[in-house]
Every structure is written in C-alpha cells, then in structure tokens.
Amino acid sequence: MSDRFGASGIRAMWMRGGTSKGGYFLAEDLPANPEDRDAVLLRVMGSPDKRQIDGMGGADPLTSKVAVVKKSERPGVDVDYLFLQVFVDQAIVTDAQNCGNILAGVGPFAIERGLVEAREGETPVRIFMENTGQLAIATIQTPGSRVTYDGAARIDGSPGTSAPIAIVFEDTAGSTCGALLPSGNPVDVIDGVPATLIDNGMPCVILKASDFGITGQEPPAELEANDELRRRVEAIRLKAGPMMNLGDVTEKSVPKMTLVSAPESGCVSTRTFIPHRCHAAIGVLGAVSVGTACLLPEGPAREVAHVPSGNPKTLSIEHPTGEFSVVATLNDSGELTSSGVLRTARKLFDGFVFV
C-alpha cells in the first residue's frame, strides 16, 4: 500500500446521515484496490474490536459505515455512491447492501467537495447507488448557493432539527435480488414460520413477531438478550439467503430480518435484526421494503398492518425510537411506481483521518 494512505492521513468528512453516522470519502482519496481499501477502512474504524477504541467507529453497526463518492460518468447522473458496511467486531467490509441513511449525506458531501455545483435555494443531486444499480434524487437546501444543515425538519431516531432532504427512489424493485419477490411468492414457509422475502431497495425477510412468542413491542436490548429468538431468526436468515438469490449469507449483513406487529398508531410496528443485532430504528430502504410488504395482497406484514386509503399513501413504519414515513405512489393496477422519504444530515467534521 502506498505511503499516500499512511502517516500523511486521508481526507474525510464525518457526517450523520439520517439515523446513521459514518465517514464520507472521495474515491480518489482511497486505494483503488478493494483489498487495500478495506484494510484502510478497518484501521480507520478500529475494527475488529467491539469498542472500536482504536478508530473512528462508534461500537455500533449504525456508526461504522462508509460512503465512497465520485463524479459520475453516467448520462444524467451527478455522482456515483458506494456504500460500505464495516463490521464492528469482525475484520469484514462488505458492499452487499445499500444504505439509505448514509445516502442522505451524499448530496451535501458532493456539493461541499465540488462534484456538484450548488444552485440558489435548492440543488437536486442525482445519485447512482453502485451497490444496487439504483438512482436516487436528493434535493439539498442551498440558500445563497451554499449547503445549509440548519432547518426545522425532524426525524425520529435523531435529536433536534435540521434542513430537510427529500429523496425519491427510482427502479428499486429487485435491485439486489433480481425481483421484488425473489422466490416468486408473497409468502414462503421457512422452519414452519410464514415469511415474505422481499427486495424493494433492501433485501428483507418479513416475519410476524407473534410467531416467535413475542409481542413485537419489546425494546431492542431485550430481544438481543433472547438467545432462542436470535437462534431461530438466524436459522431462517441462512435459509432465506439462497431463496433470495443472495447465496450463502453467513458473513453478509443481508437480508435484514424484520419482525412485524400491529402498530400503535401508524401502518405497522417493526423490530429489525441487522443481521444479528436489533436495530434501534429502521433503515431507509428497509422501511421502503417493509412498507411495500404491507401493500401485498397477503403475508405477515399485510396481516397486521393498518394500510391507509388514497393514493399516494403515507405509510408510517414504527420502530423502537419512533416512526419512519414512506410515501408510496401506486398505478391503476395497484402496483408501486415510486417511493420517497424525508431525511436529514449534519456535517460533524472535515479533515484528515489517520491509519
């Protein structure tokens, strides 16, 4: 590995994106070889170590994430974005999934790094998500042609308020697994448990919480301490992987495992394992996939969901720290045509990180 990636430091920006936090890098500032790049990022985050004490990671999968961004050469696209999940306690860096929360910071980062020229008022940034081949359009607030992070938008799972970032997704169905329902069925039975295997931007396995003897309202720490629950969920995940065209998922962070139950006031309540720890919130594209499962004619989600009338539909996906609203637009046949979300981001630091 070149000395360029050693003692002199690597330019990086740390940002909160949605309900996640991570490092944002220009592709040109990291090694081009994936193995060398991953070795650098493990050092940057301090993995493997459950405390990540010797790096920038926050000892949680939600704070051990990376965005690699470059100016796009694709027609009609501003930037390409590669998401990398750095495992906390294992020497693994994976691009097997996308991250819609870290995506929220890509637009501001691209403008700040000069990859996209800011407009007066608002600046749309067209982002190609390399992990899944999807396109997202993020609208960034740019008064005076400069990025602002201050605003009145609030999202559950992050304190305070920030400038709103509206994100619309295109062509999300089957982006990782090849089809919205990769097994071809709205319901499959795995280990005696009905499940919906779905990919509308994030591969997810949707299961009914009551099928595991729980209410689905338990706090994440309680579910993580339930060894029998985790064993059963992981056994189903390993069998679902090949059924979703994901192959052996033993060392992958997908599919996400989401246990659903009746909502308190929204569309559906969720508890999500990623892949073994229970998420304190829910990911952007995970929420889109769960919301889509609620619209299917049958399945665990449809059985417990309260689906609103009208079109488009605002689906409130409840999670342990609040709710996540997904706006779903359907065609005349009742099929999902587009989905959008509201996120926020905040720049935390800009400088050099050392390996």
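The largest share of the lining of the largest cavity comes from α6, which gives 3 residues. I start there, and I should say at once that this is a predicted model.

First, the cavities. Searching the whole structure for cavities of 30 Å³ or more turns up 2. The largest holds about 180 Å³ of space. It is lined by 22 residues, and those closest to its centre are M202, K256, I274, H279 and G283. Three elements give two or more residues to this lining: α2, residues 100–103, β12, residues 256–261, and α6, residues 284–295. Sorted by class, the lining of the largest cavity has 11 polar, 9 nonpolar and 2 charged residues.

The second largest cavity has a volume of about 40 Å³. Its lining consists of P108, I140, Q141, T148, Y149, A163, P164, I165 and A345. Of these, 7 are nonpolar and 2 polar, with no charged residue.

Back to α6 for one residue. T292 is in this helix. Is T292 buried or exposed? T292 counts as buried because its relative accessible area is 7%, and the cut-off for buried is under 20%. Leaving aside residues up to four places away in sequence, T292 touches L180, I198, N200 and L336.

L336 brings me to the strands, since β16 covers residues 336–343. Which strands pair with β16? One is β8, residues 165–170, which runs antiparallel to β16 over 5 bridges. Within that pairing, A166 stands opposite L342 of β16. Another is β15, residues 322–330, also antiparallel to β16, over 4 bridges. Here A328 has S339 in β16 as its bridge partner. β15 and β16 make a hairpin, and 5 residues lie between them. In the turn, G334 has a positive phi of about 85 degrees. I165, the residue at which β8 begins, is also one of the residues lining the second largest cavity.

Now the helix α1, residues 34–45. It has 12 residues, and from its first C-alpha to its last it reaches 16 Å, close to the 16 Å expected at 1.5 Å a residue. The buried residues of α1 are R37, D38, V40, L41, L42, V44 and M45. As a reminder, an α-helix has 3.6 residues a turn, so residues three or four places apart point the same way. What do the buried residues of α1 pack against? They pack against β1 (10–17), β2 (20–26), β3 (65–71), β4 (79–86), β5 (93–94) and β17 (345–353). A345, at the start of that β17 range, is another residue in the lining of the second largest cavity.

Next, the loop between α1 and β3, where two backbone details occur. P48 is in this loop, and the peptide bond from S47 to P48 is cis, with omega near 0 degrees. Q52 is in the loop between α1 and β3 as well. Q52 is not a glycine, and its phi is positive, near 50 degrees. Q52 is classed as buried because its relative accessible area is 1%.

Each of these details has a counterpart elsewhere in the chain. For the peptide bond, look at V254 and P255, which are joined in the cis form with omega about 0 degrees. P255 sits in the loop between α5, residues 227–243, and β12. β12 is one of the elements that give two or more residues to the lining of the largest cavity. For the positive phi, look at D191, with a value near 55 degrees in a residue other than glycine. D191 lies in the loop between β9, residues 188–190, and β10, residues 193–199. D191 is partly exposed, because its relative accessible area is 42%. As background, most residues other than glycine have a negative phi, and most peptide bonds are trans.

The last item is G76, in the loop between β3 and β4. Why does G76 count as exposed? Its relative accessibility is 52%, and the cut-off for exposed is over 50%. G76 is 50 residues from R126 in sequence, while the two C-alpha atoms are 7.5 Å apart in space.

To go back over the main points: the predicted model has 2 cavities of 30 Å³ or more, and β16 pairs antiparallel with β8 and with β15. The cis peptide bonds I showed are S47 to P48 and V254 to P255.

Methods:
Residues are numbered from 1 along each chain as its sequence is written. This is a predicted model: local features need pLDDT of at least 70, side-chain atom pairs count only at pLDDT 80 or more; totals for chains, interfaces and linings use all residues. Side-chain values use heavy atoms; hydrogens and water are left out. On a 1 Å grid over the protein atoms alone, a cavity is a set of points where a 1.4 Å probe fits but cannot get out, and a pocket is an open set with protein on both sides within 12 Å along at least five of seven lines; lining residues have an atom within 4 Å of a point. Grid points are joined across faces, edges and corners, and a volume is the space filled by probe spheres set on the points. Ala, Val, Leu, Ile, Met, Phe, Trp, Tyr, Cys and Pro count as nonpolar, Asp, Glu, Lys and Arg as charged, and the others, Gly among them, as polar. Two strands pair if DSSP finds at least two bridges between them. The expected span of a helix is 1.5 Å times one less than its number of residues. Buried means under 20% relative accessible area, exposed over 50%, partly exposed in between (1.4 Å probe, protein chains only). Contact means heavy atoms within 4.5 Å.
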